[in-house]
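Reader: I should like to request a close look at a single part of this structure. Please give one connected account of it.

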Amino acid sequence: MRKYARIIVIGLAILFFLPILYTFTNSFMAPNQLERIGLQWIPDAFNLQQYYSLVTDKSQYFNYLLNSIKVVSVIIFFQVIFGVSAAFALAKLNVPYKRLIMTVYLLTLLMPLQVTMVPNFLFFEKLERVLHLHILNTHIALILPGAFSAFGIFMMKQFIEGIPDEIIEAARIEGAGTFRILFQMIVPILKPAIHALIVLTFIDNWNIIETALVFISDENLRPLSAFLEQIYNNHHGLYYAGAVLYLVPAIFIFLKGEKYLEKGFSMGESDL
């Protein structure tokens, strides 16, 4: 039985890897080979023209890259700050209606992006109309939904609940306040889980497309993911080179953070 399970896992891994391999090999093909009918897997000749054209003719590529880095970095920062703080309050403090709050958080996690995207757009539009707060067509429109996502709160709460109450009570007896307990005791314990949250938040928000296309009309402010969608339709050959470069940060973060993901989830398993 284990043998068959291993074969299935290997088969699925190959199936998921094939699109990446196809994109990678196509990024080194000449334009005339890409125009051929059918799937092309092996370049006739090693060609860097697509990469050269991407960074010269399409020099705004780096502007889109900086937009993505800026948006994702801010989202990660607020996800960690608010996720840990709110999770600590819901897990260890006497907060009124904790069950109701967590139920609402869970409902927001279960909703697909398309369900919450329209209300967010209408809310931002109303803020601009009534309070003259300019949110749409800025990076704030992308940052707010991601920064205050319930995912970080839900994830951190599972780990914090596994921390014995006796540790917190002993700290209170010693005269430690709530913020000191949180930042000097809870956060160091949560380091593996926080690193795991950073990796997952990066991967999730690195790939935002729909919200970028809906909330931001100025193309120069859009993230790299939206730029790739555009060049796929208008400059099909450059798409493959752009996609490979787009994958590099995500793969790097995942490989660097893999051990933290394992530690974080093993910590959660031991505590639950």
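Reader: Which helices each supply at least two residues of the lining of the largest pocket?

Author: The model is a predicted one. Within it, the lining of the largest pocket draws at least two residues from each of helix 5 (98–110), helix 6, helix 7, helix 8 (150–160), helix 11 and helix 12. This pocket has a volume of about 830 Å³. Its lining comprises 30 residues, and those closest to the centre of the pocket are Leu113, Thr116, Pro145, Gly146 and Ser149. Divided by class, the lining holds 18 nonpolar, 10 polar and 2 charged residues.

Helix 7 merits further attention. This helix spans residues 140–147, and its buried residues are Ala141, Leu142, Ile143, Gly146 and Ala147. Gly146 is thus one of the buried residues of helix 7 and also one of the lining residues closest to the centre of the largest pocket. The cover over the buried residues of helix 7 includes helix 4 (61–92), helix 6 (113–130), helix 11 (191–206) and helix 12 (210–215). Among these, helix 6, helix 11 and helix 12 also appear among the contributors to the pocket lining.

The second largest pocket may be set beside this one. Its volume is about 260 Å³. Here helix 1 (2–26), helix 13 (224–234) and helix 14 (236–271) each provide at least two lining residues, and helix 14 gives the most, with 4 residues. The residues lining this second pocket include Pro19, Ile20, Tyr239 and Tyr246. By class, its lining divides into 8 nonpolar, 3 polar and 1 charged.

Note on methods:
Residues numbered from 1 in each chain as written. Predicted model: local features only at pLDDT ≥ 70, side-chain atom pairs only at ≥ 80, totals over all residues. Heavy atoms only, no water. Buried < 20%, exposed > 50% of the residue type's maximum accessible area, 1.4 Å probe, protein only. Contact = heavy atoms within 4.5 Å. 1 Å grid on protein atoms, 1.4 Å probe; cavity = no way out; pocket = protein on both sides within 12 Å on 5 of 7 lines; lining within 4 Å. Points joined across faces, edges and corners; volume = space filled by probe spheres on them. Nonpolar A, V, L, I, M, F, W, Y, C, P; charged D, E, K, R; others polar.
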